[in-house]
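Biologist: I am new to this structure and would like a close look at a single part of it. Could you walk me through the nonpolar cores and the strands and loops that go with them?

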Amino acid sequence: MAAPSTPGIETKREYEQYWHAHQREMTQNALLFPEIYRAFRRYVERPMTSKMLRDLQASRLNRILKKATEQVPAYAGQVSEAMAAADPFEWLDEFPLTSRKELAKRLPDYCADDINPVDCKAVVTSGTSGIPLKLVVSSEHLAHMHATAMRRNHAYGLAIDHKVLRPFWSLFPRWSEYNYPPWGLCRMAEWGPADDDSYLAEMIARSREFRPDTLFLRPSHCLKFQDALATFPGPPLQLHAIQTYGEVLTSAARQRLVEYFGCQIYDLYGMREVGTIAAQCERGAYHIEAERIWLEVVDENGRPVPDETQGEIVITNLVNEAMPLIRYRTGDLGALRVSPCECVRPHKVLSLVGGRRPGMIRLSEDKTVDAFRVVSTIRRYPIERFQVIQESDLSVTILVSPGASFTEAHEREIVEHADAVLQKLVTARIDSTGRRPFLNSTGGKAADFVSLVESGESP
C-alpha cells in the first residue's frame, strides 16, 4: 500500500499504528457502552428540575473536592479539609485557579494517588493554545460525556442508529466507515483531505450514497464541504441537522449553511480536557452540560463576576476522580445569562463573547497589543470566515471570506479599526480575494490569529 500523503500520516507503519489505536479505542468504548446507556436513560427518562440539578451538582462537587484534598498532591495543604462539612460551593471558593501552564508543569501532581490505570484513558489536547497537554480521564467521565452527547442527539431528533458524516476530518485520505459505540448504534463515516480532484469527486459521491442524517465537524470544514458539493453537482443531502464545534461559527457562515442545507445548525462549545461544555438548544441558547461541569466566570484577578458580566470561563469537572480538574482557566471569554431560556431546560445559559484570547500582535521589539481587540471587532461584520496574520515583517494581513452583505465600506471600517488598535505602528491590510489560503493551527483548527514573527516563516 502506498504511504498516505496527509500530514501526520507519512508512512504505512504510521497509518497502521493510527488505525490500530482507533480500533482499540472503539473496543474500549464498546465495553463501556452499558454504563453509557444507563446514564443516558437516566438523563432522558427523569428530566431535571432546577432543584434536582443543583442537588446533583452539590453531591458530585462535594465528592470531587474531598477526593482532591485527600488524594491529589497538588491540593495537599492548600485547602482546608475542615470545609468538607460546609456547602461544597463555598468550599470550592477556597481552591486556587488552575492554569494550563501550571497543569503542564506539574501534571503528575494533579493525578489522584489511588489512580487505577485499567479504569482510565489518556487524553491529549490539540495544542491550539500553544501548550499541549496529556490528561487522564476516568471511565465515569467518559460514560457521562458520551451519555450527554446521546441526550443531545435525542433532543435534536436523531435516532439512536443515525448516520454521521465527518468530511475532511480523518488523518488519512480515504473513506472510512464504522459503528461508533459511544453513541449507541450510530454509523460514522469520515474521510481526510487530499490535493486530488478525482479523489475529492469520489468522496463527494460516496458521501451522497451514505445519506447521512447529520454532519459533525468544524465550521471551516463545513463551509469547505459545501463548496465541494457545489463543485461536484449531484443529488442534495437530506440532512436532519448539522453539529459544529471547535471554532467560532459566525452568523454569516451559519446563514450560508442553513440556506444551502435547509436544516437546523447546533453549535457546541467545549474543549478536549472535558468534552462539550455547552450546547445549543433549538432556541439557539448555549446550555451548560451542568451534570458534568460546574462553570464560573471570573475577572482578571480570578474573582467571580455577577451574571451578565463578561469574564474568563473557569470550569470544574464534576465526574473525573482520576484527575480532578478544579477551577481550570479555559482562556475563553463569556458571561452567564440571568434569564432562563424559553426551552425551559434548567441548565444555565452561557453567552459566548468571542472565544479564546488568540495571542499578542507585536508592534515593536518591546510593545505588543492583544489580538482580541482586532478579532472581536471583525466578528461583528457579515463574514463567513476570517484570519488575522502577523507577517514576519510585523505587518498585519486580514484574510476575509465575505458574506453576501459584506461591502467595501465594511472593508474600510475593519482596516481603520485595526490601524487604531495597532496605533499605526504596524501596517494593516485586508485580503478578500480568496487566493491566499487560510493557515491552520497546530491542532488543525482554523485559527483567528496566526503570528509568523517568532517562527520567521514566510507566508
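Modeller: Happy to help; here is a walk from the cores out to the surface. This is a predicted model, in which local features need pLDDT of at least 70 and side-chain atom pairs count only at pLDDT 80 or more, while totals for chains, interfaces and linings use all residues. Residues are numbered from 1 along each chain as its sequence is written, and side-chain values use heavy atoms, with hydrogens and water left out.

A nonpolar core here is a set of buried Ala, Val, Leu, Ile, Met, Phe, Trp, Tyr and Cys residues joined through side-chain atoms within 4.5 Å. Buried means under 20% relative accessible area, exposed over 50%, and partly exposed in between, using a 1.4 Å probe and protein chains only. The largest such core has 44 residues, and Leu103, Leu295 and Ile315 have the most contacts inside it. Helix 2 (residues 50-71) gives the most to this core, with five residues. Helices (H or I, at least four residues) and strands (E, at least two) are DSSP runs, numbered from the N terminus. Contact means heavy atoms within 4.5 Å. Not counting residues up to four places away in sequence, Ile315 touches several residues, including Met271, Ile293, Trp294, Leu295 and Tyr328.

Apart from the largest core lies another, of 28 residues, among them Ala149, Tyr180, Cys186 and Ala241. Ala241 takes us to strand 7 (residues 241-244), where Ala241 and Gln243 point one way, Ile242 and Thr244 point the other way, and all are buried. Strand 7 pairs with strand 6 (residues 214-217) in the parallel sense over four bridges; two strands pair if DSSP finds at least two bridges between them. Ala241 is the bridge partner of Thr214.

Cys186, also in that second core, is in contact with Asn179, which likewise touches Met26 and Arg187, leaving aside neighbours within four places in sequence. Asn179 belongs to strand 4 and is partly exposed, with a relative accessible area of 48%. The C-alpha atoms of Asn179 and Val164, 15 residues apart along the chain, are separated by 10.0 Å.

The loop between strand 3 (163-167) and strand 4 holds Phe168. Phe168 is buried, with a relative accessible area of 7%, and its phi is near 65 degrees, a positive value in a residue other than glycine. Leu185, in the loop between strand 4 (176-179) and strand 5 (187-191), is instead exposed, with a relative accessible area of 58%.
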